[in-house]
Amino acid sequence: MPSVFRTLRRVRAAGDDSSRISPTAHYTGYVWVRNTLSPPALRTPQGAVLFTALQPAMRVASRFTGGLTLEQMLLQRHQIIDRVLDDAIARGRVTQVLEIAGGMSGRGLRFTRRHRELVYVEGDLPGMSKRKRAALTKAGLERPGHRVVALDVLAERGPLALAEAIREHVDPTRPLAIVTEGLVNYFPQDAVESMWRRFAALLASAGGLYVSDLHTRGESEYYATSRAFRRALELFARGSVHLHYEREEQARAALLDAGFTRAHLSRPRDWRGTLELPRTRGEDVIRIIEAWRDPEARA
Ligand SMILES: C[S@@+](CC[C@H](N)C(=O)[O-])C[C@H]1O[C@@H](n2cnc3c(N)ncnc32)[C@H](O)[C@@H]1O
């Protein structure tokens with residue numbers, strides 16, 4: 001285990017961002033490549049080292065989680081988010097995507113290949129977005145319609161604030177999907193709810209969708225599986241993971257309060273029969289948020 005901490009320290013020291021969360025993007029980036037959801041160009045040496053260093057701990061942890069591994073949980077959330085997004089695009093309900101905290105994920109590439117007319121803007125902290133742009137350029141993977149910008153989703157003003165960072169890239173007259181994956185539970189509740197208010201306000205002009213994963217408290221305190229995952233995520237991010245809501249209903253109420261018109265939370269088991277998701281004996285540890293904002297009526 002000490003070698004895991006040494007590895008995490010090295011990864012953080014090598015990063016350009018002060019955020020404790022950024023190393024986790026190397027790990028998830030490695031998982032997406034390993035499962036052919038991203039091209040090898042998005043794999044980083046830090047991700048490979050972290051994944052290998054954490055494997056023994058993850059194998060032990062999975063004995064307490066009905067066999068579910070962190071990698072399987074990541075694949076569940078990634079594939080469900082993909083599907084929600086794909087459906088919204090196929091039904092013409094969104095024509096642009098803003099993925100916040102995209103890290104080294106390959107979703108932007110996959111979606112701009114699959115949906116030729118789609119505008120896909122990814123935003124992350126300056127160091128991570130620079131790294132992503134460099135990796136795409138080096139591998140010749142830049143695509144029309146796919147942009148990677150620097151933003152800080154917690155900033156309320158300044159050049160990295162959401163509205164400012166995307167001004168030139170997102171068209172306020174067209175319906176938009178906002179995605180966050182692997183982000184919300186690293187922020188305290190007031191920061192999350194202010195962020196959701198900013199998202200709902202941004203979607204108000206032309207309407208749109210917010211999709212995200214979320215861990216809730218009820219299950220996390222009750223089930224050994226969820227407790228084990230919480231510990232794994234804390235180890236990962238070298239700090240607290242915030243479980244803001246006891247139950248799905250409270251998260252739903254917070255989304256409506258933030259300005260969304262409708263909100264629904266699903267579990268991996270709700271997708272059985274629709275998606276081929278990693279499946280184990282244990283209970284589900286994640287929820288996927290799908291929250292819609294209707295456009296504001298014009299006077
Ligand atoms: C767990 S990683 C998830 C990356 C990607 N979504 C995935 O699933 O592979 C968390 C990401 O959040 C980004 N991040 C952390 N704080 C942020 C902030 N204030 N604004 C934007 N991105 C942030 C990190 O740089 C990192 O890329």
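**Exercise 1. Describe how helices α4 and α8 lie against the strands.**

Helix α4 (residues 70–90) lies across β1, β4 (176–180), β5 (208–214) and β7 (287–293), and runs at about 170 degrees to β5. The angle is taken between lines fitted to C-alpha atoms, for helices over the stretch in contact, on a scale from 0 to 180 degrees between N-to-C directions. Contact requires C-beta atoms, placed from the backbone, within 7 Å. Next comes helix α8 (residues 189–203): it lies across β4, β5 and β7, at about 160 degrees to β4.

A word on the model before we go on: it is predicted, local features need pLDDT of at least 70, side-chain atom pairs count only at pLDDT 80 or more, and totals for chains, interfaces and linings use all residues. Residues are numbered from 1 along each chain as its sequence is written.

**Exercise 2. Work out the strand order of the sheet and find which strands stand at the edges.**

Start with the elements: the protein has 11 helices and 7 strands, which are DSSP runs numbered from the N terminus (helices H or I, at least four residues; strands E, at least two). Strands count as paired if DSSP finds at least two bridges between them. The 7 strands form an open sheet with mixed pairing, in the order β3-β2-β1-β4-β5-β7-β6. At the edges stand β3 (146–150) and β6 (262–266); each has a single partner strand, so one side of each lacks a neighbour in the sheet. On average, neighbouring strands are turned by 15 degrees against each other, direction ignored.

**Exercise 3. Trace the chain from β1 through β2 to β3, naming the bridges and the crossovers.**

Step one: β1 (residues 96–100) and β2 (residues 119–124) are parallel and share 5 bridges. Gln 96 stands opposite Val 119, and Ile 100 has Gly 123 as its bridge partner.

Step two: β1, helix α5 (residues 107–114) and β2 make a right-handed β-α-β unit. Right-handed here means that, with the strands pointing away from the viewer, the path from the first strand over the helix to the second runs clockwise.

Step three: β2 and β3 also run parallel, joined by 5 bridges. Glu 122 stands opposite Val 148, and Asp 124 faces Ala 150. Between these strands the chain passes through helix α6 (residues 126–138), in a right-handed β-α-β crossover.

Step four: 5 of the 6 residues of β2 are buried, so this strand is largely enclosed by the rest of the structure. Buried means that 20 or more other C-beta atoms, placed from the backbone, lie within 10 Å of the residue's own.

**Exercise 4. Set out the length and burial of helices α2 and α3, and locate the kink in α3.**

Take α2 (residues 22–34) to begin with. Its 13 residues reach 19 Å from first C-alpha to last, close to the expected 18 Å; the expected span is 1.5 Å times one less than the number of residues. In α2, 12 of the 13 residues are buried, so the helix is largely enclosed by the rest of the structure. Among them are His 26, Tyr 30 and Trp 32. Thr 36, which follows α2, has a positive phi near 55 degrees.

Now α3 (residues 45–62): its 18 residues reach 25 Å, close to the expected 26 Å. A kink of about 45 degrees lies at Gln 55, shortly before Pro 56; the bend is the angle between axes fitted to the seven residues ending there and the seven starting there. The buried residues of α3 include Leu 50, Phe 51 and Leu 54.

Technical notes: Two residues are in contact if their C-beta atoms, placed from the backbone, lie within 7 Å.
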